[in-house]
Structures are given as structure tokens and as C-alpha cells.
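Notebook open, model loaded. I want to see how the strands pair up, how the helices pack, and what lines one of the pockets.

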Amino acid sequence: MGSMGVIPDASTWPDQDLVFWSVGLEPELLVEGYAAGAFPMPTGELAETGDPLIGWYSPVARGILPLDALRVTRSLRKSARHYRLSIDHCFDQVVERCADPNRSGGWIDDEIKRVYGELHRLGLAHSVETWDAEGRLVGGLYGVGLGGLFAGESMFHDPEHGRDASKVALIALVELLGRDGHRRLLDVQWQTPHLSGLGVVEVSRADYLNRLGRALRMPSPQWQLPQV
């Protein structure tokens with residue numbers, strides 16, 4: 001299924017979510033993969049070389065959040081006023097919290113932490129952080145930004161101190177992506193019942209790749225909060 005370490009053309013991808021494999025993962029490969037419409041997840045296995053075997057996915061039904069479709073309840077708007085937000089303030093810490101082994105379905109391993117950290121230091125991966133009144137990091141999200149694409153990877157919230165904190169981070173992200181009027185693409189990989197309630201919809205792979213092509217030609221947003 002595809003070749004090891006080389007991204008096959010999308011026209012050759014099988015009609016399933018897992019479309020090819022790579023051996024190991026580096027920032028250059030990450031950028032090429034996202035630009036092609038795929039994202040990586042570790043398999044937990046090693047190739048013959050001893051390097052991690054990585055599965056690359058391009059869901060047949062892709063989850064996206066149209067920027068004008070985010071559902072924000074009145075209570076969530078009220079709750080948001082109790083948090084402080086920051087951008088790219090503590091990327092590694094957000095990834096670490098998203099990787100909490102106590103969370104169900106955890107897939108973020110040390111290799112993922114390393115390579116996305118490198119991508120962040122290259123200015124191509126970003127985090128949105130949510131803080132409570134006591135100065136605690138209680139929620140956040142991170143993902144990859146290429147032109148007008150933001151590929152969301154994971155989000156977390158502190159169930160004790162930040163019940164709505166990840167949703168508040170998402171509100172800030174949507175506002176940041178659409179602030180200058182460009183219709184950027186917010187990719188969330190798969191639609192889940194939770195994300196559906198926030199406005200996430202499914203599009204076909206072909207539709208997603210068309211949207212992706214347009215998004216990659218757009219300018220990157222300004223990765224900072226508006227001045228108040």
C-alpha cells in the first residue's frame with residue numbers, strides 16, 4: 001500500500017482511510033503529507049530498520065469545521081469570559097497534555113511529540129492555550145498550519161478546572177482563521193458526535209482535496225490574538 005517513505009499520488013490511494021505507510025517521520029515529510037491531504041499516526045510497530053512504522057490517513061469521509069458553522073451556545077460564550085487565551089505560548093506543554101496516557105484512544109507518542117515540536121519551531125505548527133483565573137493551563141489545542149490550512153491534531157481540557165476550556169480554544173482558533181475574511185480550511189480529520197455538536201461536517205475525500213488546493217494558495221493567518 002504505497003511506498004515506504006515516499007508519498008504516492010492521491011489518485012492511487014485506496015478507497016479506505018489508511019492510504020500509505022512511511023518509515024520514520026521528519027518535518028519535511030509532515031509538510032509534504034499535509035499538503036497532499038494525509039496525516040500520520042504511529043502504528044506502535046517498528047520497521048526492519050528499527051525506525052517507527054507510520055500509517056498515513058486520508059479519510060474517505062473527512063471532518064471539517066466551516067468557519068461560519070461553529071456552534072457556540074449562550075452558556076459557552078458566558079463561560080469563555082472566565083478564561084484567558086494565548087497563542088504559541090507553550091506548544092510542547094499542550095502536546096504533552098493531549099498525550100496524557102490516561103485519556104482513552106491515546107496515540108501521541110514520543111516520536112510525535114518530537115517531530116511536531118520541530119515543526120512548531122519552524123513556524124508551521126501552532127497551539128492555542130486556555131488559562132483559568134489562577135493561571136493554570138486548563139485547555140488547549142494544536143495542529144499544523146500551511147497557508148490557509150489548519151490541520152487540527154488534538155485538544156484537551158482539565159475536567160476539574162476547565163470544563164469548557166478546549167471549546168474556548170476552538171472559538172479563538174476559528175476567529176483567528178477567519179479574522180481577515182479568507183475562507184480558510186479547518187480540518188479535524190474525523191467527525192465525532194462531540195465535534196458534530198460544534199458544527200463539524202463530513203465531506204468526501206475528493207471535496208476535501210479540492211478545498212485543500214484552494215486553501216494552500218491562501219496566505220497564512222496572523223498567529224496572534226487581536227489587540228484589545
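Started at Ile64: in strand 10, its bridge partner is Val201. This is a predicted model, so every entry below is read off a prediction. Looked at Ile64 again from the strand 9 side, and there its bridge partner is Asp187. So I have Ile64 bridged to Val201 in strand 10 and to Asp187 in strand 9.

Next I looked up Gly63, which stands opposite Glu202 in strand 10. Then I went for the bridge counts. Strand 4, residues 61-64, is joined to strand 10 by 4 bridges, and the two run antiparallel. With strand 9, strand 4 shares 2 bridges, and that pair also runs antiparallel.

**The sheet around strand 4**

In what order do the 7 strands of this open sheet come? I read 5-6-7-8-9-4-10, with mixed pairing. At the edges I find strand 5 (84-87) and strand 10 (201-204), each of which pairs on one side only. Neighbouring strands here are turned by 35° against each other on average, ignoring direction. Helix 3, residues 91-98, packs on this sheet and touches strand 6 (125-131), strand 7 (137-146) and strand 8 (149-157). I also noted its direction: about 105° to that of strand 7.

General reminder to myself: strands of a sheet pair through backbone hydrogen bonds, either parallel or antiparallel.

**The 3-strand sheet**

I moved on to the open sheet made of 3 strands, in the order 1-3-2, with antiparallel pairing. Which strands stand at its edges? They are strand 1 (18-23) and strand 2 (39-46); each has a single partner strand, so one side of each is left without a neighbour in the sheet. The average turn between neighbouring strands is 30° here, direction ignored.

I checked the strand 1 side. Strand 1 is joined to strand 3, residues 52-57, by 5 bridges, and they run antiparallel. Two positions I clicked on: Leu18 has Tyr57 of strand 3 as its bridge partner, and Phe20 stands opposite Trp56 in strand 3.

Then the strand 2 side. Strand 2 and strand 3 pair over 5 bridges in the antiparallel sense. Pro42 has Ile54 of strand 3 as its bridge partner. These two strands form a hairpin with 5 residues between them. In the turn I found Gly50 with a positive phi of about 90°.

**Helix 1 and its partners**

For two packed helices, what I write down is the angle between the axes and the distance between them.

Helix 1 (residues 27-36) against helix 4 (residues 110-121): the angle is about 80° and the axes lie 9 Å apart. That makes helix 1 roughly perpendicular to helix 4. From helix 1, the contact uses Pro27, Leu30, Val31 and Tyr34; helix 4 brings Val115, Tyr116, Glu118 and Leu119. By class I get 7 nonpolar, no polar and 1 charged for this contact.

Helix 1 against helix 7: about 120° this time, with the axes 9 Å apart. The two are therefore oblique to each other. Which residues meet here? Tyr34, Ala35 and Ala36 in helix 1 meet Leu209, Leu212 and Leu216 in helix 7. I sorted this contact too: 6 nonpolar residues, no polar and no charged. Worth a note on Tyr34: this residue takes part in the contact with helix 4 and in the one with helix 7.

**Second largest pocket**

Last stop was the second largest pocket, with about 300 Å³ of space in it. How many residues line this pocket? I have 16, and Pro66, Arg183, Arg184, Leu185 and Arg211 lie nearest its centre. Strand 9 (185-189) and helix 7 (205-216) each supply at least two lining residues. Helix 7 gives the largest share, 3 residues. By class, the lining splits into 8 nonpolar, 3 polar and 5 charged residues.

Closing note on helix 7: I met it in the packing with helix 1 and again in the lining of this pocket.

Notes. Residues are numbered from 1 along each chain as its sequence is written. This is a predicted model: local features need pLDDT of at least 70, side-chain atom pairs count only at pLDDT 80 or more; totals for chains, interfaces and linings use all residues. Side-chain values use heavy atoms; hydrogens and water are left out. Axes are lines fitted to C-alpha atoms, for helices over the stretch in contact, and angles run from 0 to 180 degrees between N-to-C directions. Angles under 35 degrees count as roughly parallel, over 145 as roughly antiparallel, 65 to 115 as roughly perpendicular and the rest as oblique. Contact means heavy atoms within 4.5 Å. Ala, Val, Leu, Ile, Met, Phe, Trp, Tyr, Cys and Pro count as nonpolar, Asp, Glu, Lys and Arg as charged, and the others, Gly among them, as polar. Two strands pair if DSSP finds at least two bridges between them. On a 1 Å grid over the protein atoms alone, a cavity is a set of points where a 1.4 Å probe fits but cannot get out, and a pocket is an open set with protein on both sides within 12 Å along at least five of seven lines; lining residues have an atom within 4 Å of a point. Grid points are joined across faces, edges and corners, and a volume is the space filled by probe spheres set on the points.
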